[in-house]
Amino acid sequence: MLGFGRQASRRLRLLILFLIGAYGLYHLSFYFNRRTSTTKPFLVGYPIGDNIDMEGDAEFIQGNIFPDHDAQNWQSSIFTANITRYQLPSPSTGLPPKDGSADFVKQMYVREMIRHAWSGYMKYARGTDELDPLTKTGHSWTEPGSMLFTPIDSMSTLFIAGMMKEFNQAKALVIENLDYDKVDTDVNVFETVIRALGGLLSAYDLDGDERILALAVDLADRLECVFQTKTGIPENIANLKERKAKPGYLSLAMVGTNQLEYQYLSDITGNPKYANNALYALEQISSIQTSIKGFAPMEISTYSLTETSQWYAVALETDSYYEYLLKLWLSTGDVRYRKLYDDAASAIEEHLLIKTPTGGAYLTDKRYGVTSDKFHHLSCFAGGMFSTGAVTLANEDADRYFKIASQLTQTCYDSYQISESKLGGEWTRVDADGNLIAHTRSYILRPETVESIFYMWRYTHNPIYREWGWSIVQALESNCKDDVGYHGLDDQGKPHNRQQSFFLAETLKYLYLLFSDDSTIDLSKYVFNTEAHPISVRGYGRRKDPKKWLDFGSQVSSLDKCILIAAVISIPMSNQKGHSHTAGAGTTVSDRDIVSTFKLLLIGDSGTGKSSLLLQFTDDLWLQPDEVSATIGVDFKVKVIDIDSKKYKLTIWDTAGQERFRTLTSSYYRGAQGVILVYDVSNRGSFDHLQTWFNELDTYTSSNNSVVKIIVGNKSDKDVSGGREVPRKEGEAFAKKMGTLFIETSAKTTMGVRDAFVEVVRRIIDTPSLWQRNQSGSRTGNVTLAAGTSADAQSYCSC
């Protein structure tokens with residue numbers, strides 16, 4: 001019996017080993033069959049783990065989930081011939097590899113990150129724009145209604161990762177619930193185009209569902225009103241339900257980041273109006289004469305094609321404009337856009353590129369001839385842009401530009417390594433020796449560094465880039481993953497309660513593609529919009545029919561048919577003679593009567609009543625909370641006030657109070673003489689966040705300038721209902737600590753509202769250095785904290 005038992009045990013072990021080997025051979029053969037198949041689904045050759053839910057995934061879907069690519073690419077750019085020029089040679093052949101192979105283990109790991117982020121949204125935030133993972137709630141940019149940004153932003157990522165069950169969840173959610181008639185409030189057009197329009201078009205390009213295309217067409221039609229301006233340059237605020245545009249501040253990125261989407265939409269629908277509007281706007285922008293050839297102005301006007309400031313950058317407010325010049329050429333083959341890109345690349349290299357003694361490089365900004373010693377995380381996309389420009393046109397600049405791309409990518413990755421979290425902050429300083437210094441610690445799940453790492457891997461197959469990407473994956477898992485999703489980090493390194501929709505659209509997509517093979521979104525057939533939504537280039541996919549392609553001239557079919565009907569906002573023009581302003585009670589004031597113009601800012605968390613304070617001060621108007629829409633982007637009003645028998649014009653800027661917009665911050669602060677920091681006395685969190693707002697003031701600071709600041713505790717009428725959470729003495733103590741003025745107000749009862757604004761203006765008047773330079777035409781620097789006020793007892797007492 002004993003001998004028989006040993007023999008049986010030995011046979012059992014041999015059987016187990018045989019089954020394990022057979023199982024392994026099966027999956028190995030499955031992989032090679034999929035690799036040699038003429039069909040190329042995005043998801044290939046995954047080993048199936050015990051804890052992996054594969055139900056509904058692409059491995060179990062028969063047929064080709066790629067759109068057909070059988071048309072001749074005779075109208076797209078020539079970049080397909082050069083795409084492998086910089087790839088490292090294969091050790092066996094000495095030739096560049098045809099395809100980069102996938103790292104399946106890491107690819108699968110990132111895929112589960114995508115699943116975790118998506119499932120948390122579906123469980124706790126379904127039907128809203130974004131997940132707040134720490135509170136397990138949903139958040140929407142618009143009330144009422146939702147733009148469904150996370151489902152739309154996620155569709156292309158889920159499809160590419162072969163997660164068809166989740167993709168179909170997202171698609172059903174969008175098709176069944178997206179209704180722009182319910183979005184009866186102002187929206188940020190830039191964000192709507194890159195996230196919603198771009199996401200819908202990409203999902204249609206990949207999946208082919210005509211219902212998604214219908215939603216994209218509906219959205220584009222609702223946004224047509226923004227192009228109906230004197231110059232054809234679009235506004236950035238629109239009401240989708242009413243189909244009306246609203247004037248406001250415009251940056252280069254806002255108005256120059258729509259051409260890729262609209263050109264694609266015209267190509268697939270055959271309707272020229274979309275491309276006509278967007279490309280005409282681009283021609284108008286590129287026609288503006290600037291002090292440095294190749295750059296476009298950072299600030300744009302819808303009524304004048306002139307440069308208003310000499311501030312150039314490839315980050316905040318500008319980045320995607322230059323990105324789209326290159327990608328328009330890649331997607332259409334139109335050499336005009338390549339010429340614009342080449343001129344821009346030359347200007348960027350000469351004026352914004354800083355090479356360090358350590359062999360690195362970064363892109364800074366240049367203001368009136370002066371460059372900075374820091375760079376923003378958004379600029380880290382430029383490694384991908386410069387490398388793509390280099391590999392797609394083998395001219396005399398290509399090798400130099402590719403080296404620049406590698407240096408930029410290296411520096412951006414190094415900025416991650418200097419932080420405790422191993423994740424890059426919003427701003428990084430560089431000292432004279434080339435050492436990187438973390439200027440801010442906040443990280444909101446941004447994708448730009450990962451984006452450049454992905455492109456550099458595709459063009460070189462250098463394993464170092466996958467090592468860098470894996471390091472970032474580990475940092476995300478260690479610092480940002482929670483039980484329902486992923487959160488960002490604030491400036492103190494603490495969890496920030498938001499899973500940005502672009503984390504699923506961009507960061508996780510680029511990480512997934514980094515560990516995929518080169519046929520997964522072949523860069524010879526696709527371009528990404530600035531939200532990382534891939535769309536086919538001409539001659540491929542849904543864009544294969546050349547009969548629909550628009551040969552754009554200089555005509556604009558819709559501009560001569562429409563008239564702009566929008567709210568009139570008085571935009572300050574200090575050099576415009578004879579301009580008049582309403583001072584109140586119907587009194588008209590000429591510019592000749594105005595002593596000076598002051599710029600005031602309202603900042604603070606959303607929901608603190610900044611817009612209500614502004615309306616009460618400028619219009620003597622109080623609206624119920626349900627009548628006040630959340631501010632989208634930046635709004636401003638103009639008011640003339642009389643102080644000591646002298647008239648002063650105030651331009652008062654009100655922002656959304658959240659970090660969601662990537663194109664506003666620097667110009668919002670620039671040139672301000674007064675800042676009103678608002679918190680809600682009935683909301684402890686809004687008071688606690690004041691320190692973060694002061695940190696932001698520091699970020700956009702010029703050391704040779706000051707600003708008058710006042711802390712305003714709003715909604716003091718809540719005392720009556722017992723809703724106060726922040727005692728008045730605590731507010732006064734914090735103001736004393738920060739060296740600022742302090743007052744409590746109620747926009748509802750008008751208590752303290754006028755006093756707050758008037759006291760700020762009086763302090764500005766008493767500080768001539770803040771405003772006399774402006775009146776002489778000199779440029780005003782950025783905001784900084786007022787020096788020498790903390791010891792002044794009146795600087796923190798109530799007004």
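User: Let's start with charges and rings. Which residue lies over the face of W427, and at what distance from the ring centre?

Analyst: Happy to begin there. This is a predicted model, and in it K374 lies over the face of W427, at 4.7 Å from the ring centre. There is another case to look at: the charged end of R400 sits over the ring of Y401, 5.0 Å from its centre.

User: What else does R400 touch through its side chain, and at what distance?

Analyst: The side chain of R400 makes a polar contact with that of D397, at 3.0 Å. D397 itself is found in the loop between α12 (382–391) and α13 (398–417).

User: Is D397 buried or exposed, and how do I decide?

Analyst: The general idea is to compare the relative accessible area with two cut-offs: under 20% is buried, over 50% is exposed, and partly exposed is in between. D397 has 22%, so it is partly exposed. For a sense of its place in the fold, D397 and A345 are 52 residues apart in sequence, and their C-alpha atoms are 10.0 Å apart in space.

User: How should I read confidence before I go further? What is the average pLDDT?

Analyst: The general point is that, where pLDDT is low, the predicted coordinates should not be read in detail. Here the protein averages a pLDDT of 79, and 74% of the residues score at least 70.

User: Where does the pLDDT stay under 50?

Analyst: One such stretch is residues 25–55, for which the model has 61 contacts beyond four places in sequence. Over residues 773–799 the pLDDT is also below 50, and this stretch has 72 contacts in the model beyond near neighbours in sequence.

User: Now aromatic pairs. How many are there?

Analyst: A pair of aromatic rings is described by the distance of the centres and the angle of the planes. In this model the count comes to 28 aromatic pairs. Take F454 and Y455: the ring centres are 5.2 Å apart and the planes are at 55°, so the pair is tilted. Now compare F454 with F528, where the centres are 6.2 Å apart and the planes are at 85°, so this pair is edge-to-face.

User: Which parts of the chain does the pair of F454 and F528 tie together?

Analyst: F454 lies in helix α14 (residues 448–460) and F528 in strand β16, so the pair ties together parts that are 74 residues apart in sequence. As for accessibility, F454 is buried at 0%, F528 is buried at 0%, and Y455 is buried at 5%.

User: Which residues form one aromatic cluster with them?

Analyst: The cluster is made of F454, Y455, Y459, Y510 and F528.

User: Where does UniProt place the feature "active site"?

Analyst: The unreviewed UniProt entry places that feature at E191, D319, E426 and E448. Let's take E426 and E448 in turn. E426 is in the loop between α13 and β12 (427–430), and it is buried, with a relative accessible area of 13%. Leaving out residues up to four places away in sequence, E426 touches F375, H376, H377, T440, S442, I444 and R446. With H376 there is a polar contact between side chains, at 3.4 Å.

User: And which side chain does a polar contact join to that of E448?

Analyst: The partner is H377, at 2.9 Å. E448 is in helix α14 and counts as buried at 4% relative accessibility.

User: There is also a "binding site" feature. Where does UniProt place it?

Analyst: The unreviewed entry puts that feature at T530, which lies in the loop between β16 (526–528) and β17 (534–536). T530 is buried, with a relative accessible area of 14%. Leaving aside neighbours within four places in sequence, T530 is in contact with I194, T257, S320, E323, Y324 and E506. One of these, E323, also makes a polar contact with T530 between side chains, at 2.9 Å.

User: One last case for practice: which residues does T371 touch?

Analyst: Beyond residues up to four places away in sequence, T371 touches H351, T364, D365 and K366. T371 lies in strand β10 (residues 370–371) and, at 36% relative accessibility, counts as partly exposed. The C-alpha atoms of T371 and I354 are separated by 9.1 Å, with their positions 17 residues apart along the chain.

Technical notes
Residues are numbered from 1 along each chain as its sequence is written. This is a predicted model: local features need pLDDT of at least 70, side-chain atom pairs count only at pLDDT 80 or more; totals for chains, interfaces and linings use all residues. Side-chain values use heavy atoms; hydrogens and water are left out. UniProt positions are given in the numbering used here, feature names are shortened, and annotations may be inferred rather than shown by experiment. Helices (H or I, at least four residues) and strands (E, at least two) are DSSP runs, numbered from the N terminus. Buried means under 20% relative accessible area, exposed over 50%, partly exposed in between (1.4 Å probe, protein chains only). Contact means heavy atoms within 4.5 Å. A polar contact is a pair of N or O atoms within 3.5 Å; within protein, one must be able to donate a hydrogen and the other to accept it, and residues adjacent in sequence count only if both atoms are side-chain atoms. pLDDT is the predictor's confidence in each residue, from 0 to 100. Rings of Phe, Tyr and Trp (its six-membered ring) pair if their centres lie within 6.5 Å; planes under 30 degrees apart count as stacked, over 60 as edge-to-face and the rest as tilted. A charge sits over a ring if NZ of Lys or CZ of Arg is within 6 Å of the ring centre and within 35 degrees of the ring normal.
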